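Got your viewer open? Let's walk through this one stop by stop, with something to select each time.

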Amino acid sequence: METLLACVAEQALVDHHCHGVLYRDADEATLESMLNEGSGWPGGSVFDSQAGFAFRRLCPPVLGLAPHAELADYVLRRAELGATEVSKRFLVAAGLSAMCVDTGFTPEPLTSPAELGGLAGAAGHEIVRLERVAEDVVAAGIGADGFADAVRSALATRTTPAVGVKSIAAYRTGLDLNPERPSDPEVTAAAGRWLAAQGTGPPRIADETLQRFLIWCGVDLGLPVQFHVGYGDSDVDLHRCNPLLLTPLLRAIQPTGTPVMLLHNYPYHREAGYLAQVFPHVYVDAGLATHNLGGRAPALLAEALELAPYGKFLYSSDAFGLPELYYLGAVLFRTALSGFLAAGLQDDLLTERTVVRLTRMLCADNAKRAYGLGDQM
Ligand SMILES: [Zn+2]
């Protein structure tokens, strides 16, 4: 493995989009099911992939094993150390100063932002998922008539300690959203249709008018609004997740000055970079894809930074559940960034001073500024 530029190796990262980590031990089946967005198939392993080989090369040494250790030995070592120790080792080794944690997706119990920050030795901040707040309001028995007011008031309460909100419209309706802010009567009518069509399961919002309503509620709060963009699990219709579909909405949000954070973006990271260049309030990252592309992460970062202004690119792991993913995201990002900056030095496009400045911006300062995180290191 290449040696990192000293400034990159020493720079703590702000992870502006991640989730909580599992409380429980992860056996081989759990590792297989959580390594990436896919799942195993008969006779196959998700570890036969870029993410899998990056994991096998980079993770065992953190637990005191040789690189490329057999998965069975790895799982035994993991169990021997216990979930808390394993989480602590990977999270500390990731070298983070702050984490912005999406608390809206909890198919099983996960650590809170404060607990995650405690394990990592970093500040843990919360990102509130808009759809989850609306679904909680409905689960509490609010009908269509009171829906708009109840959501606004629940959001005001839920975001008091938070640093941002997140929309998963990409997962529910796609990103081809009408830019207009819906009126309260439109919201009431849409909520009525949605509630009437509800089955017996937990409420799941998937209505274009209501997604837009939630996004505008987020914009009104003035907190950065994160959007899931691009690559995700099989719930996503990827062709409806191209960030260019958001262009009219981005134009409509621009006068408010509320920052819009385009998350993940792969394979539309070049499109996202374009949007960050032409809209002053748009920021981008390459989370999730960084560890999924493994050895190809340097190519991803270089492409993402073709058009994206360096002052509006943020680091994110989009790690979920497995502590290894926070570590892999961080190591692969640092490797990619170091190679990118070293090539700039080599070509005499960048000076040593510029390299130090860009490292701070891309790893931490852009996120601190956008989310108002203050100067914790
Ligand atoms: Zn995520």
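Start with Ala123: is Ala123 buried, partly exposed or exposed? At 22% relative accessibility, Ala123 counts as partly exposed, because buried means under 20% relative accessible area, exposed over 50%, and partly exposed in between (1.4 Å probe, protein chains only). Ala123 sits in strand β3, residues 123–129. Helices (H or I, at least four residues) and strands (E, at least two) are DSSP runs, numbered from the N terminus. Now add Pro113 to the selection: Pro113 and Ala123 are ten residues apart in sequence and 8.3 Å apart in space, C-alpha to C-alpha.

A quick word on what you are looking at: this is a predicted model, where local features need pLDDT of at least 70, side-chain atom pairs count only at pLDDT 80 or more, and totals for chains, interfaces and linings use all residues. Residues are numbered from 1 along each chain as its sequence is written, and side-chain values use heavy atoms, with hydrogens and water left out.

**Stop: the zinc ion**

Select the zinc ion, then His17, His19 and Asp318. These are its protein donors, through NE2 of His17, NE2 of His19 and OD of Asp318, lying 2.0 to 2.1 Å from the ion. Donors here are N, O and S atoms within 2.8 Å of the metal (3.2 Å for Na, K and Ca); water is not among the atoms, so sites may look incomplete. Along the chain, the donors follow the spacing H-x1-H-x298-D. His17 belongs to strand β1 (residues 13–18) and Asp318 to the loop between α15 (297–304) and α16 (323–346), so the pair ties together parts that are 301 residues apart in sequence.

Both His17 and Asp318 are buried; for Asp318 the relative accessible area is 10%. Look at the backbone of Asp318 too: its phi is positive, about 50 degrees, although Asp318 is not a glycine.

**Stop: the largest pocket**

Next, select Phe105, Arg129, Tyr171, Asp233 and Phe320. Of the 35 residues that line the largest pocket, these are the closest to its centre. The volume of this pocket is about 800 Å³. For the terms: on a 1 Å grid over the protein atoms alone, a pocket is an open set of points where a 1.4 Å probe fits, with protein on both sides within 12 Å along at least five of seven lines, and lining residues have an atom within 4 Å of a point. Grid points are joined across faces, edges and corners, and a volume is the space filled by probe spheres set on the points.

Which elements give two or more residues to the lining? They are α2 (28–34), α7 (130–139), α9 (169–172) and α14 (289–293). Helix α7 gives the most, with three residues. Colour the lining by type and you get twelve nonpolar, eleven polar and twelve charged residues. In that split, Ala, Val, Leu, Ile, Met, Phe, Trp, Tyr, Cys and Pro count as nonpolar, Asp, Glu, Lys and Arg as charged, and the others, Gly among them, as polar.

**Stop: aromatic rings**

Show the rings of Phe55 and Tyr74. They form an edge-to-face aromatic pair, 5.3 Å centre to centre with 70 degrees between the planes. Rings of Phe, Tyr and Trp (its six-membered ring) pair if their centres lie within 6.5 Å; planes under 30 degrees apart count as stacked, over 60 as edge-to-face and the rest as tilted. Phe55 is in helix α3 (residues 50–58) and Tyr74 in helix α4 (residues 71–81), so this pair links parts that are 19 residues apart in sequence. Phe55 is buried at 1% relative accessibility, and Tyr74 is buried with a relative accessible area of 1%. Add Phe47 to see one aromatic cluster of Phe47, Phe55 and Tyr74.

By this rule, the count comes to ten aromatic pairs.

**Stop: cysteines**

Select Cys18, Cys59 and Cys100. How many disulfides are there? The count is zero, where a disulfide is a pair of cysteine sulfur atoms within 2.5 Å. The sulfur of Cys18 is 7.5 Å from the closest cysteine sulfur, in Cys100, too far for a bond. For Cys59, the nearest cysteine sulfur is that of Cys18, 16 Å away.

**Last stop: two backbone details**

Select Tyr266 and Pro267: the peptide bond between them is cis, with omega near 0 degrees. Pro267 lies in the loop between β6 (260–264) and α13 (269–278). Then step back to His264 in strand β6, where phi is near 70 degrees, a positive value in a residue other than glycine.
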